[in-house]
Amino acid sequence: MTEWVGLNTIGGSFPVWALVLIIGVALSLLVFFTSKNDQQPKYHPLFAYVGFVVAVVWIYSVANEVVNILQTFGVVFSISNAVLGLTLLAWGNSIGDLIADTVMARQDLLLGIGIPFTIATIKKGDYELSITLEEYVLAGFLALSLLTSLIVVPLSKFRMSRPYGIGLIVLYVIFLVVALLTESNVITADIN
């Protein structure tokens, strides 16, 4: 269930939104009174870090809401989380990654983007995984794809060719068919 973080209280009486408002106004006044219109303040580089943190928080929040909306559609239309994860969520997640990775590659930046997952782990702590046949299919095809890339890419001197791209697309289509057949219990196996 989604929490209304802004409506939480500190010590049972002081709302979080009021604390954020007070801090925001205080920082705004600090910047207003310590900066000039014709030159950058000394702490200007700090804005980049603050902007990055704010962007991560927004991306994390929006991504969670999109996932919640898609899960709601899954409940309404009786679509399992596995099928949603294989199709809509994976494609939607890949579009953002494509844009971010393209920008990072053009700027030659290497930066981990696991911050939202780290935040979630810190907030919720350890959790137990139940491994099903679908997870084995997912892990197997991921391993096959990675091993194929690990072998083919160096052999082709790190040049991505059209046949390699077509091969990856074919592998994805095969994976999608096998995963959907597994999810719909056409393919079954006892994994215990």
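Tutor: Let's begin with a term: two residues are in contact when they have heavy atoms within 4.5 Å. Keep in mind that this is a predicted model. Among contacts in the protein between residues at least 6 apart in sequence, 54% join residues at least 24 apart.

Student: What does the secondary structure of the protein come to?

Tutor: Count the elements, then read their order. Here you have six helices and two strands, and along the sequence they run β-β-α-α-α-α-α-α.

Student: And what share of the 192 residues is buried?

Tutor: Buried means under 20% relative accessible area. In this protein, buried residues make up 12% of the 192.

Student: How do I check the span of a helix, say H2? What should it be?

Tutor: Work from 1.5 Å a residue: the 33 residues of H2 (residues 44–76) should span 48 Å, and the end C-alpha atoms are indeed 48 Å apart, so the two agree. While you're there, find Val-56, Tyr-60, Leu-70 and Gly-74, the buried residues of H2.

Student: How far does H6 reach from its first C-alpha to its last?

Tutor: H6 covers residues 162–183, 22 in number, and reaches 31 Å, close to the 32 Å expected.

Student: Which residues of H6 are buried?

Tutor: Look for Tyr-164, Leu-171, Phe-175, Leu-176, Ala-179 and Thr-182. They cover an arc of only 140° around the axis, which puts them on the same side of H6. Turn to the other side of H6 and you'll find Arg-162, Pro-163 and Ile-169 exposed.

Student: How do H5 and H6 pack, and at what angle?

Tutor: For a pair of helices, look at the angle and the distance between axes. H5 (residues 133–155) and H6 pack at about 170°, with their axes 9 Å apart. Angles over 145 degrees count as roughly antiparallel, and H5 and H6 are therefore roughly antiparallel to each other.

Student: Which residues make the contact?

Tutor: From H5, they include Leu-133, Glu-134, Val-137, Leu-138 and Phe-141. From H6, Leu-168, Leu-171, Ile-174, Phe-175 and Val-178 are among them. By class, the contact of H5 with H6 has 14 nonpolar, three polar and two charged residues.

Student: Glu-134 caught my eye. Does Glu-134 count as buried or exposed?

Tutor: Glu-134 counts as buried because its relative accessibility is 19%, and the cut-off is under 20%. Glu-134 lies in H5. Leaving out residues up to four places away in sequence, Glu-134 touches Thr-182 and Glu-183.

Student: Let's do backbone angles. What sign does phi have in most residues other than glycine?

Tutor: Most residues other than glycine have a negative phi. Now look at the loop between H5 and H6, where Lys-157 lies. Phi of Lys-157 is positive, near 60°. Phe-158 is found in that loop as well, with a positive phi near 60°.

Student: Are Lys-157 and Phe-158 buried or exposed?

Tutor: Exposed means over 50% relative accessible area. Lys-157 is exposed, with a value of 68%, and Phe-158 counts as exposed at 61%.

Student: Where else should I look for a positive phi? What follows H6, for instance?

Tutor: H6 is followed by Asn-185, whose phi is positive, near 65°. Then go to the stretch just after H2, where Ser-78 takes a positive phi of about 55°.

Note on methods:
Residues numbered from 1 in each chain as written. Predicted model: local features only at pLDDT ≥ 70, side-chain atom pairs only at ≥ 80, totals over all residues. Heavy atoms only, no water. Helix = DSSP H or I, 4+ residues; strand = E, 2+ residues; numbered from the N terminus. Expected span 1.5 Å × (residues − 1). Buried < 20%, exposed > 50% of the residue type's maximum accessible area, 1.4 Å probe, protein only. Arc of directions from axis to C-beta. Axes fitted to C-alpha atoms, helices over the stretch in contact; angles between N-to-C directions. Parallel < 35°, antiparallel > 145°, perpendicular 65-115°, else oblique. Nonpolar A, V, L, I, M, F, W, Y, C, P; charged D, E, K, R; others polar.
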